[in-house]
Amino acid sequence: MKIEISQRTIEQLEFDKIFTLVGQYCKGVAGEELLREDLFESDFDRLKGKLDISSDVMNMIQEGQSLSLAEYQDISEDLYLLNKKGYVLAADSVMRIAHTLRNYDSFVRHFDAKKNKTYQHLYALGSLAVYSPLPLVEIDKVFDAKGDIRPDASPELSRISRRILGIAKRMDNEFDLMLKKYREAHQLTQTGESIRGGRRVLVLPVENKRKISGVIHDYSASGKTVYIEPQEVLTLNNDLYELENDKRTEVYRILTTLSEYLRGHHGMIQMVFDRLKHIDVALAKGTFSHRIQGVVPDLVNHPVLEMKAVRHPLLVWQGLESGQQTIPFDLHLKNDNKILLISGPNAGGKSVTLKAIGLIHLMVYNGLLVPLHPESKIGMLRTIYTDIGDHQSIDEGLSTYSSHLTNLKDIVESCDQNSLVLLDEIGSGTDPKLGGAIAEGILNSLIYKKTYGVVTTHYSQLKIYAFHARGIVNGAMLFDKELLTPTYRLKVGKPGSSYAFEVAKKVGLSHHVLRYAQKKVGKKQHLVEQLLIDLQEGKAILDDQLTHVRDERQKLDRLIKNYQDMAKQYDLKRKKLKIKAKEIELSRANHDHHEVQQLINKLEKEKNIEKARELKVSLLDKRKTESSEIDILRKEIFQDKSPDQNIYVGDTVKMLDGDIRGEVLSIQGDKAVVLFGLMQMQVAIADIALAPDQLSINRLRSIDLRGVDFQHDFSPKLDIRGYTLTDAALTLDEFFDKAILNNVKTLEIIHGKGSGKLRNLVLRKMKDYKDFRSYYHPDPERGGDGVTCITM
């Protein structure tokens, strides 16, 4: 599901300002461009990865780890030219590439073995299996730290450089001698010497130009001064010029060779540059997240509005300079409500709250950490629609209200259950009664489409609609009646008042005007608003109580079902024990058969045939009775099995008188062939039952109430380090049972890292309980993989 956010939404939620602030921390223009191109990650796992990277950066900053990139330039053009066969890069191009490689190399070297594990997500972003520092080594052989060609970049260049230095030294000596000679002869001007065309020249009056042999390079503007290169150094200067040409030729050859070498690593250099841009963006996002005290929210793969301690990111940023604290708000829609209707006084924070909700989502979708409580849930949405501010269009001939309606029409047509709609002052700009009716129709459409939304209003009729309708709930921006100031706090579950008269009184509006207005409105309007508030609060209390009763009923139903299941299991075991006892008695009777038969034979020999016959009949009747009782019990056990306990080929079963498990290979009548390990056995179906993980009655694990004390001092933290697997399993059963009975929301189990057997046992046991929603391992400083946190 691709996330689609319009430019209108970006501007109305002021996300472009977030772009600008984050971009200030990028070290290169290429990074800033990537920041604005790589928008709104829609893949759930990749988004979690981006948030983890930002978290790593923020943790490094908080722990005092110094990690930053040096400023770098875009080398896209240099790489494009390098990829052309035979092209020779200029020295500045090579240096830009070298700086890019050195920047990346510094980042990689920053991570030692310990940091790799601690900041694994950031390290994974920066690591490249194909990276090699060899191109940087080759560049450093040619260029020095200042970016100049090294004199010893090649043997030939070294030879040329030595000759240039030698000739330059000789030339300076010769020139100094001549300068002294002609100065003593008073043939030079006071300046004596200068530079023309890169060569040292003598400066003399024009009337003396024939007194010194050499080449005239220039005249002064007045024509009274001439610049002559003496004949004595002219030859040396020519030699020096030729050597400089040789040097340029050799430098070009060196650059040609170096360019060919770098061309062989073009792909790797391109990957390094691309990765460097992503590192730049990641460091910028993490740094900004640290500045606004952001955290990683609980990201879930479905739409949800459940946030705690939310602060508007831009207000937090402004507070860094002004020192003002941003007041947080909580937003939790429950009982199938998906739309929040916020009312309250002007300048009370309705629009700020509206924008904060949308902006928080946009920031998270871009891998930025946000200022809220870490238990806040941010859900994956398809898009966010907004209608905020004045949309008057002179070009299209649309009034403010017409523009609003046009936008709202598009929103209603496009939104769905994966959308978030943010509407500010819905229905305003026209007659309140008519505008309110249209607004009510729009809200009704959003509810029908099961769209998530936050809407602000001043209209009482919309507050009444939210009170009666399902799927929408009132919310209020609270107001301090004593100080006559807004508190900027959001209260979900009750409508707010505009407090128009109170605000008017505070700003100093005429007493006569206020009295007239109050008389015009009358007391009924105020009473209606107060009644609505009281009804909403009462409804919220009843909804909470009803939810609590439903939860308790579900728990009770589970307990009753578990008790019934356990009673059925115990009854089956009791009958099985009776069968066993009867079989033992029958076995003993068979064992004593020989002695009884001897007695009968003796009686027959003594001609006591009648008594022998009676004894024999009695013995046979007793055996038949015991066999019949055993058959009856077996049939009862077979009939007691519920339909969901029927056994089929392929099922995993266990013997009723033990825990040995096997797979059913075939069934014939009341017999089944079961594979126990490597041995096949034919057993009576009445003697086996589905293994616990296949019994539907045990898909919710039966709650073991032995030892459960139903007290409220239950601790949601358990340490099983050092336990055997058997002891740990029993302890976890009792711990989970108590947690369910005490309605605990979060559990923490310390099992240590070790071989991972205890951790795997915790996860297996957790899956037996439907009450558990999810689990996670906390940050390394809180135990990491050695601790499992479970949410109910």
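## Glu 250 and helix α11

Glu 250 counts as buried, because its relative accessibility is 8%, below the cut-off of 20%. In this predicted model, Glu 250 forms a salt bridge with Arg 253, and the closest N and O atoms are 2.6 Å apart. Both residues belong to helix α11, where a separation of 3 residues amounts to about one turn of the helix. Arg 253 has a relative accessible area of 42% and is therefore partly exposed. The pair thus joins a buried residue to a partly exposed one.

Helix α11 covers residues 231-263, and Arg 263 is placed within this helix. With a relative accessibility of 15%, Arg 263 counts as buried. Its side chain reaches the backbone oxygen of Leu 82 at 2.6 Å. When neighbours within four places in sequence are left aside, the residues in contact with Arg 263 are Leu 82, Asn 83, Lys 84, Lys 85, Gly 86, Tyr 87 and Val 88. Leu 82 thus appears both as the residue whose backbone oxygen is reached by the Arg 263 side chain and in the list of contacts.

## The salt bridges of Arg 200 and Glu 748

The model contains 27 salt bridges. Side chains of opposite charge can pair when their charged atoms come close. One of these salt bridges brings together the side chains of Arg 200 and Asp 176, with an N to O distance of 3.1 Å. Arg 200 lies in strand β2 (residues 199-205) and Asp 176 in helix α10 (residues 155-184), so the pair ties together parts that are 24 residues apart in sequence. Arg 200 counts as partly exposed, at 22% relative accessibility. Asp 176 is also partly exposed, with a relative accessible area of 39%. A network of salt bridges links these two residues with Asp 172 and Glu 193.

Another salt bridge is formed by Glu 748 and Lys 717, whose closest N and O atoms are 3.9 Å apart. This pair links distant parts of the chain, since Glu 748 is in strand β21 and Lys 717 is in strand β20 (residues 717-719), 31 residues apart. Glu 748 has a relative accessible area of 21% and is partly exposed.

## Strand β23 and its partners

Strand β21, which holds Glu 748, spans residues 746-750 and pairs with strand β23 in the antiparallel sense over 5 bridges. Within this pairing, Ile 749 has Thr 788 of β23 as its bridge partner. Strand β22 (residues 774-776) also runs antiparallel to β23, and 3 bridges join the two. Here the bridge partner of Tyr 776 is Cys 789 in β23.

Strand β23 itself consists of residues 787-791, and 4 of its 5 residues are buried, so the strand is largely enclosed by the rest of the structure. In a regular strand the side chains alternate between the two faces of the sheet.

## The hairpin of β3 and β4

Strand β3 (residues 214-219) and strand β4 (residues 225-230) are paired in the antiparallel sense, with 5 bridges between them. Tyr 219 has Val 226 in β4 as its bridge partner. The two strands form a hairpin in which 5 residues separate them. Gly 223, in the turn, has a positive phi of about 80°.

## A nonpolar patch on the surface

Val 503, Val 507, Leu 509 and Val 513 make up a nonpolar patch on the surface, and their accessible area together is about 330 Å². Leu 509 is located in the loop between α18 (500-506) and α19 (511-521). Its relative accessibility is 42%, and Leu 509 therefore counts as partly exposed.

## The chain as a whole

The chain has 792 residues, of which 43% are buried. Its secondary structure comprises 24 helices and 23 strands. The accessible surface comes to about 43600 Å², and carbon and sulfur atoms account for 52% of this area.

Among contacts between residues at least 6 apart in sequence, 70% join residues at least 24 apart. The salt bridge between Glu 748 and Lys 717 is one example of a link between distant parts of the chain.

Methods: Residues numbered from 1 in each chain as written. Heavy atoms only, no water. Patch = residues over 30% accessible without salt bridge, like charges linked within 9 Å, V, L, I, M, F, W, Y side chains within 5 Å. Areas by Shrake-Rupley, 256 points an atom, 1.4 Å probe, with all protein chains shown as cover. Salt bridge = Lys/Arg side-chain N within 4 Å of Asp/Glu carboxyl O. Helix = DSSP H or I, 4+ residues; strand = E, 2+ residues; numbered from the N terminus. Buried < 20%, exposed > 50% of the residue type's maximum accessible area, 1.4 Å probe, protein only. Polar contact = N/O pair within 3.5 Å; in protein donor to acceptor, adjacent residues only side chain to side chain. Contact = heavy atoms within 4.5 Å. Pairing = 2+ DSSP bridges.
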